Amino acid sequence: MRNISDKDQKIKDTVMSGKRISAEDAVRLFDFPLSELAVMADVRKRKVSGDLVFFNRNIHIEPTNLCVNHCLFCSYRARKGDAHAWEYSHDEMESLAKKGIRNGVTEIHVVGGVHPDWDINYYAEILRRIRKLSKKVHIKAFTAEEIVQMSKNAGLSVENGLEQLIRAGLNSIPGGGAEIFDPTIRKKICPDKIDAETWLSVHEAVHTSGLSSNCTMLYGHMETLENRVSHMLALRDLQDKTGGFNAFIPLKFKAGNNKMSHLGETPVSDDMRTYAVSRIFLDNIPHLKAYWPMIGKDNASVSLGFGVDDLDGTIDDSTKIYSLAGADEQNPGMRIAEIQQIARVAGLRAVERNSVYREI
Ligand code: V47
C-alpha cells in the first residue's frame, strides 16, 4: 500500500468532492499512481456524461499542405513545387464534400496548411460550396492560425474575416494550432506561429460571435509538466469567461518524419495521465476527446477509463496529418460497429452526437 501524504489526500478529497483544483495540485496529480488517476478521472467524467461515449459521422477536407510556417513537429508541410504538395481546387473540395454527405456525414472538418496566398474569399467559397450541398451539415473549419493568415491576406481584421466566414456557412472552429502556449518552447517548436495570446483572442472572438470551438495541446516533446498545466490554465480561464469550448483534445507528439523525430514519443502511461489530469483540471470544458487517428484505436479504448468521453468520428480515411507523422492508422477510418465495440468493452455506451454534443 502506498503511504499517501496529507497534501495528496487533500487533493484527492478535493477531486472526489467535485471542487476545482489549483495548477500546483494538477502538476502534483501527474505523479499519482495510474490506478488512482483512473478512478478520479472516471468520477469526474461520469458527472458530465454518465456512461456515454460520444462519436460522430465525419470527414476531413485538407485543402492544401502548402504552409507559411516551419513547425519542427510537422510531417505534413510542403513547399510550392514539391512533388508531395497539393492544393485542391474548389471543384475538388466540393466533390469530396458531396461524397461525404452522400455517405451520411453530419460534420465536415476543414483544416490544412496555412497557405501563403489564399485569402478569406478563397476559404469562404469552400464554405459556400459545402453549404450549397447541405443546409444541415455542420462545418467545423479553419484553425485560429489559418483565420489570422487568411484575414491578413484579404486586408481584414480577424473580426471582419470571421464575419465573412460565418456568413458563408461556418458553424464552429477546430482546436488546432494551440500547440504549447509557453513562449520559450513555442518559439523553438513553431517559431512563426501566432503567439498564445493571439490564439486565445481568436477563440474568444469566435465565442463572442456565438460559435463554439475546440481546444488542443501538443504534448510529449520538450515541455515540462508545469508547461502543460499552465497551457490548460489559460484554456480554463478563457472558458470561465466565454463558455465556448466544447472539447479539449490532448495531442500526443508523433515522431515520424519531422525535425523533432530524435525526441521519440511518450509512453502510453503518460498519455493516460495526461487525459486524466486534463479531465480533472479542466472542470469547465465538458468533453475530453481521444483523437484515435493519432493515438490508435487500442489506446483510445483504454483512454475511456481515464476521463475521455469522446472518440471523434468515423473519418473515412480523409486525413493525412497523423499518418504522415508515423501513426499506426495509415488509412484512418472507423465503422460505427467498431466504435460501439470499443465503448462496450470499456463498460460504456456509444452514442452518435451532432457537433454540439446533442444525441442523434
Ligand atoms: O495543431 C501536427 C498537431 C494539430 C503533429 O478540433 C501534431 O476536433 C502530434 O488540431 N504530432 C491539428 N500532433 C489537428 C487538430 C485536431 C485534430 C482532430 C480534431 C480536432 C478538433 C483538432 O495537429 C496541429 C498540431 O498540434 N500536429 N503534427 C505531430 N507530428
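**Exercise 1. Determine how the residues of the shell around the ligand divide by class, and which of the residues come nearest.**

Solution. In this predicted model, the shell around the ligand divides into 10 nonpolar, seven polar and five charged residues. The next step is to ask which residues approach the ligand: of the 22 residues around the ligand, Lys-140, Gly-177, Glu-179, Lys-254 and Lys-289 come nearest.

**Exercise 2. List polar contacts of the ligand with Gly-176, Gly-177 and Glu-179, and state how much of the ligand's accessible area the protein covers.**

Solution. Begin with the backbone, where a polar atom of Gly-177 is 2.7 Å from an oxygen atom of the ligand, and where a polar atom of Gly-176 is 3.3 Å from an oxygen atom of the ligand. Then turn to the side chains, among which Glu-179 places a polar atom 2.4 Å from a ligand oxygen. Finally, consider the cover: on its own the ligand has 610 Å² of accessible area, and the protein covers 94% of this area.

**Exercise 3. Identify the space in which the ligand sits, and describe its volume and lining.**

Solution. The ligand sits in the largest cavity. The elements that give two or more residues to the shell around the ligand are β6 (212-219), β7 (245-252) and α14 (321-324). The volume of the largest cavity is about 740 Å³, and its lining consists of 39 residues, of which Gly-176, Gly-177, Glu-179, Ile-321 and Tyr-322 lie nearest the centre. At least two lining residues of this cavity come from each of α6 (144-153), β6, β7 and α14. Sorted by class, the lining of the largest cavity has 16 nonpolar, 13 polar and 10 charged residues.

**Exercise 4. State how many cavities of 30 Å³ or more a search of the whole structure finds, and characterise the second largest cavity.**

Solution. The search finds three cavities that reach the threshold of 30 Å³ or more. The second largest cavity has a volume of about 70 Å³, and its lining includes Glu-107, His-138, Lys-140, Ser-172, Asn-214, Lys-289 and Arg-353. The elements that give two or more residues to this lining are β4 (138-141), β5 (172-173) and β6. By class, the lining of the second largest cavity divides into two nonpolar, six polar and four charged residues. Comparing lists, one finds Lys-140 and Lys-289 both in this lining and among the residues that come nearest the ligand.

**Exercise 5. Describe the largest and the second largest pocket by volume, lining residues and class.**

Solution. Take the largest pocket, which has a volume of about 290 Å³. Of the 18 residues that line this pocket, His-60, Leu-96, Asp-316, Asp-317 and Ser-318 are the closest to its centre. Two elements, β2 (58-61) and α4 (90-102), each supply at least two residues of the lining of the largest pocket, and by class that lining has five nonpolar, eight polar and five charged residues.

Proceed to the second largest pocket, in which about 230 Å³ of space lies. Its lining includes His-70, Cys-71, Leu-72, Cys-74, Ser-75, Tyr-76 and Arg-77, together with His-84 and the residues Asn-257, Asn-258 and Lys-259. Classified in the same manner, the lining of the second largest pocket has four nonpolar, five polar and two charged residues.

Note on methods. Residues numbered from 1 in each chain as written. Predicted model: local features only at pLDDT ≥ 70, side-chain atom pairs only at ≥ 80, totals over all residues. Heavy atoms only, no water. 1 Å grid on protein atoms, 1.4 Å probe; cavity = no way out; pocket = protein on both sides within 12 Å on 5 of 7 lines; lining within 4 Å. Points joined across faces, edges and corners; volume = space filled by probe spheres on them. Helix = DSSP H or I, 4+ residues; strand = E, 2+ residues; numbered from the N terminus. Nonpolar A, V, L, I, M, F, W, Y, C, P; charged D, E, K, R; others polar. Near = heavy atom within 4 Å. Polar contact = N/O pair within 3.5 Å; in protein donor to acceptor, adjacent residues only side chain to side chain. Areas by Shrake-Rupley, 256 points an atom, 1.4 Å probe, with all protein chains shown as cover. Sits in = over half its atoms within 2 Å of the grid points.
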